[in-house]
Amino acid sequence: MNLLYLGLLLFVTLLTTLYLASSKAIFAVSDWTFHAARVEEIYLNLKSGSFFTFIAARTFHNTGAASFLFYPCIFLYPWAFLRFILSPVNAFYAWYALVTFATATISYFSMKAYSKKSLASFIFSLVYTFAPYRLYLGEAVFGEYLAVTFLPLLFLGIYEVLWGDKKKWYLLAISGTLVAYAHILSVFLSLQFAVILFIIKLITSRGISKDRIKSLLLSAGVCVFLVLPVIVPFFTDFIGQGLFSAYPGIVYTMAMGPRNLLLNPFSAPQNSWNLSFMLMLTILTAWAFIKSRRNWIIYGLGLFACFLTTRYFPWKLAAGTPFEMVRCLSAIFPTLHFS
């Protein structure tokens with residue numbers, strides 16, 4: 001059954017990519033040009049025989065921008081390698097297909113490990129991978145687009161450490177590392193949800209065993225060790241040099257109002273922040289199928305994540321706190337599992 005479902009996921013991936021590529025153009029918005037310039041710099045360096053890229057000597061208007069030191073780029077290398085055999089546009093869409101199929105595969109097997117149900121895992125993978133918000137990220141925000149690929153594995157790792165097989169702590173370590181090499185902010189966002197899950201574990205289980213604490217610390221330690229190549233330059237050359245990036249604060253316009261929340265999922269999408277139709281359908285119907293306390297907790301967390309995307313959440317109270325960095329957390333839970 002796994003091969004059948006993976007074959008179907010590959011078919012949908014290729015169908016989606018070919019549809020987008022048929023325009024023979026790229027719909028570039030937001031951060032697209034920033035990441036494309038980074039890929040071009042990597043490609044030019046590879047062409048010159050230099051594998052590693054630290055500064056942008058030939059892109060970014062020849063300014064020598066050192067974004068490669070602070071912003072992970074390892075997952076951009078496949079795109080750069082594809083430039084050697086394909087046109088710039090086709091190289092992008094080939095990379096887009098690779099990331100999409102990787103997302104579909106990881107989400108499928110992550111849900112399969114959790115639910116032990118192939119059909120439910122296939123449906124989850126379809127809804128997760130082809131959610132409107134994730135498709136939007138593929139045109140704009142590549143750091144988050146890549147991080148979303150590994151989030152199902154990350155939350156599976158958290159589940160295994162806190163509730164499942166604690167010997168599978170390595171799933172959390174590996175997935176946390178992959179997310180960090182894709183998008184540092186997603187690590188921060190995921191960590192906040194991990195803290196919430198940890199508190200839920202303490203409440204529902206009336207504590208946590210020493211073995212699970214050891215597994216949690218072991219996974220965190222291994223993860224930190226593996227991401228040192230990202231962390232060290234960030235602290236020494238970015239924070240340490242007092243460089244400035246973005247204004248802190250909360251962008252309230254990104255939060256959805258009543259119309260966006262209730263009506264837009266059932267109409268043509270107007271912007272990238274809409275909840276998907278499948279997510280809204282799950283919110284309205286999943287409660288009728290939930291049979292276990294575990295899935296009630298997941299359902300509740302999904303509702304909370306959706307609530308965070310709206311103007312009903314008192315965001316002004318979060319100003320000046322680490323929580324203000326949370327945005328669009330519904331991307332983490334684009335669908336909810338129920339049995």
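**Exercise 1.** Is Lys-116 buried or exposed?

*Solution.* Start with the scale: buried means under 20% relative accessible area, exposed over 50%, and partly exposed in between (1.4 Å probe, protein chains only). Lys-116 has a relative accessible area of 62%, so this residue is exposed. Next, place the residue: Lys-116 sits in the loop between helix H5 (88–115) and helix H6 (118–129). Helices here are DSSP runs (H or I, at least four residues), and strands likewise (E, at least two), numbered from the N terminus. Finally, check the backbone: phi of Lys-116 is near 65 degrees, a positive value in a residue other than glycine. Most residues other than glycine have a negative phi.

The model is predicted, with residues numbered from 1 along each chain as its sequence is written, and its local features need pLDDT of at least 70. Side-chain atom pairs count only at pLDDT 80 or more, while totals for chains, interfaces and linings use all residues, and side-chain values use heavy atoms, with hydrogens and water left out.

**Exercise 2.** Find the location, exposure and phi of Arg-206.

*Solution.* Arg-206 belongs to the loop between H10 and H11. Its relative accessible area is 82%, so Arg-206 is exposed. Phi of Arg-206 is positive, about 55 degrees, although the residue is not a glycine.

**Exercise 3.** State how far the model can be trusted by the predictor's own score, pLDDT.

*Solution.* The score pLDDT is the predictor's confidence in each residue, from 0 to 100. The chain has a mean pLDDT of 80, and 80% of its residues reach 70 or more. Residues 265–272 stay under 50, and the model gives them 13 contacts beyond four places in sequence. Residues 327–339 are also below 50, with 55 contacts beyond near neighbours in sequence. A contact means heavy atoms within 4.5 Å.

**Exercise 4.** Describe the fold in terms of secondary structure, burial and contact range.

*Solution.* Count the elements: the chain has 16 helices and zero strands. Then take burial: of the 339 residues, 47% count as buried. Last, take range: among contacts with a separation of 6 or more, 69% join residues 24 or more positions apart.

**Exercise 5.** Which residues have the most contacts inside the largest nonpolar core?

*Solution.* A nonpolar core is a set of buried Ala, Val, Leu, Ile, Met, Phe, Trp, Tyr and Cys residues joined through side-chain atoms within 4.5 Å. The largest has 59 residues, and Ile-42, Trp-79, Phe-92, Trp-95 and Ile-158 have the most contacts inside it. Helix H8 (residues 142–162) contributes the most to this core, 15 residues. For one of the central residues, list the neighbours: beyond four places in sequence, Trp-79 touches residues including Trp-32, Phe-92, Trp-95 and Phe-142. A second, separate core of six residues includes Tyr-5, Leu-6, Leu-9 and Phe-122.

**Exercise 6.** Trace the packing of helix H7 (residues 132–140) through Ala-140.

*Solution.* Ala-140 is found in H7 and is buried, with a relative accessible area of 0%. The buried residues of H7 are Tyr-133, Arg-134, Tyr-136, Leu-137, Gly-138 and Ala-140. These residues pack against helix H2 (32–47), H5, H6 and H8. For a distant pair, Ala-140 and Phe-27 are 113 residues apart in sequence and 8.6 Å apart in space, C-alpha to C-alpha.

**Exercise 7.** Compare the surroundings of Arg-38 and Phe-51.

*Solution.* Arg-38 lies in helix H2 and counts as buried at 1% relative accessibility. Leaving aside neighbours within four places in sequence, Arg-38 contacts Phe-60, Ser-67, Phe-68, Tyr-71, Pro-72, Cys-73 and Leu-76. Phe-51 is in the loop between H2 and helix H3 (67–70) and counts as partly exposed at 44%. Not counting residues up to four places away, Phe-51 touches Leu-46, Tyr-77 and Phe-81. Phe-51 and Tyr-77 are 26 residues apart in sequence and 9.6 Å apart, C-alpha to C-alpha.
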